[in-house]
Amino acid sequence: MAWLPFDRLTPDGETVTMDRALADEVPVAIEFNGIGYAVLMATPTDIGDLVLGFALAERLVGPDDVPFDVDTHRTDQGIVARATLPPSRTDLLLDRVRHRASDSSCGICGIENLEQAIRPLPQVAERSRADRAAIFRALDGLAVHQPLNAATGAAHAAAWVGADGAIRLAREDVGRHNAFDKLIGAMKRAGADWDGGFALLSSRCSYELVEKAVLSQCPLLVTISAPTRLAAARAAQAGLPLVVLARPDAVLHQGNALLA
């Protein structure tokens with residue numbers, strides 16, 4: 001985080017010079033088994049969680065694989081993050097590398113065909129035990145877990161919320177995809193599952209976030225803003241309930257069971 005001066009301009013002609021905190025955003029070059037795989041623009045914290053969560057979202061490792069270590073090296077240009085995947089995943093890694101160029105955090109750049117972009121999703125087997133009171137409790141408590149956003153106004157948060165609405169773990173990043181990858185990676189590293197809770201994201205509900213949720217077997221995805229049509233369709237196909245436009249006064253719910 002850095003502080004830079006800005007001029008604050010008001011409609012009545014007033015100009016005030018002030019310092020403003022800015023969130024860091026740097027290139028993170030990810031290498032798997034010595035192969036350059038992707039470059040993400042990310043906040044330079046919790047990089048090990050980011051790389052592990054990203055590997056899960058890319059289906060390079062599965063839920064039963066042991067979490068791997070990540071070596072990080074800071075350079076003048078950014079961060080190089082290196083990890084070794086299990087030998088059983090080498091062929092899959094090489095196949096994925098053939099279908100992509102240096103990537104960005106959008107999760108689709110470099111993919112050569114539609115079959116690679118929209119791949120089949122598994123069904124979500126777990127069910128959340130959270131009720132609507134738990135969702136509103138989590139919404140009320142999210143800001144406490146967003147220190148970077150409080151300082152800069154430029155960071156997204158992803159939180160693991162228990163069935164009772166208590167936030168158990170949260171991660172922040174300038175990218176909404178990165179924040180969710182960091183959370184999923186941190187949970188994987190801790191050996192934690194969703195335990196009947198849900199994910200709360202301070203973003204819109206894009207199809208990439210739906211896919212990350214499904215692949216992590218998240219039983220309920222709650223987002224502050226609206227879903228895209230593709231996100232809603234992909235969630236319905238995978239059996240993932242959605243709560244969207246989640247605000248303190250009301251939420252919208254899509255799913256098989258009505259929240260109590």
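Reader: At about what angle to β8 does α6 run?

Author: In this predicted model, helix α6 does not follow a single strand but lies across β7, β8, β9 and β10 (221-223). The angle is taken between N-to-C directions, on a scale from 0 to 180 degrees. On that scale, α6 runs relative to β8 at about 140°.

Reader: Which strands stand at the edges of the open sheet that holds β8?

Author: Six strands make up this open sheet, with mixed pairing and the order β8-β7-β9-β10-β11-β12. A strand with a single partner has one side left without a neighbour in the sheet, so the edges are taken by β8 (167-173) and β12 (250-254).

Reader: By how many degrees are neighbouring strands of this sheet turned against each other on average?

Author: Direction is ignored for this value, and the figure is an average over neighbouring strands of the sheet. The turn is 20°.

Reader: Which residue of β9 is the bridge partner of Ala-158?

Author: Strand β7 (residues 156-161) and strand β9 (residues 198-201) run antiparallel and are joined by four bridges. In the bridge that involves Ala-158, the partner in β9 is Leu-201.

Reader: How many residues does helix α6 give to the lining of the largest pocket?

Author: The largest pocket has a volume of about 360 Å³. Its lining counts 17 residues, and Leu-56, Pro-63, Lys-188, Leu-215 and Ser-216 lie nearest the centre. By type, the lining divides into eight nonpolar, four polar and five charged residues. Helix α6 (residues 176-190) contributes the most to this lining, and the number is three.

Reader: Which strands stand at the edges of the open sheet that contains β4?

Author: This open sheet has four strands in the order β4-β3-β6-β5, and the pairing is mixed. Each edge strand has a single partner, so one of its sides is without a neighbour in the sheet; these strands are β4 (35-42) and β5 (70-74).

Reader: Which residue of β6 stands opposite Ile-30?

Author: Strands β3 (residues 26-32) and β6 (residues 79-83) run parallel, with five bridges between them. Opposite Ile-30 in β6 stands Ala-81.

Reader: What angle does the direction of helix α1 make with that of β3?

Author: Helix α1 (residues 47-57) packs on the sheet and touches β3, β4, β5 and β6. Its direction and that of β3 make an angle of about 55°.

Reader: Which residue in the turn between β5 and β6 has a positive phi?

Author: β5 and β6 run antiparallel and are joined by five bridges; in one place Arg-74 stands opposite Ile-79 in β6. The two strands form a hairpin with four residues between them. The residue in the turn with a positive phi, of about 160°, is Gly-78.

Reader: How many residues apart in sequence are the parts that the pair of Phe-32 and Phe-68 ties together?

Author: The structure holds three aromatic pairs. In one of them, the ring centres of Phe-32 and Phe-68 are 6.3 Å apart and the planes stand at 75°, so the pair is edge-to-face. Because Phe-32 belongs to strand β3 and Phe-68 to the loop between α1 and β5, the pair ties together parts whose separation in sequence is 36 residues.

Methods:
Residues are numbered from 1 along each chain as its sequence is written. This is a predicted model: local features need pLDDT of at least 70, side-chain atom pairs count only at pLDDT 80 or more; totals for chains, interfaces and linings use all residues. Side-chain values use heavy atoms; hydrogens and water are left out. On a 1 Å grid over the protein atoms alone, a cavity is a set of points where a 1.4 Å probe fits but cannot get out, and a pocket is an open set with protein on both sides within 12 Å along at least five of seven lines; lining residues have an atom within 4 Å of a point. Grid points are joined across faces, edges and corners, and a volume is the space filled by probe spheres set on the points. Ala, Val, Leu, Ile, Met, Phe, Trp, Tyr, Cys and Pro count as nonpolar, Asp, Glu, Lys and Arg as charged, and the others, Gly among them, as polar. Two strands pair if DSSP finds at least two bridges between them. Contact means heavy atoms within 4.5 Å. Rings of Phe, Tyr and Trp (its six-membered ring) pair if their centres lie within 6.5 Å; planes under 30 degrees apart count as stacked, over 60 as edge-to-face and the rest as tilted.
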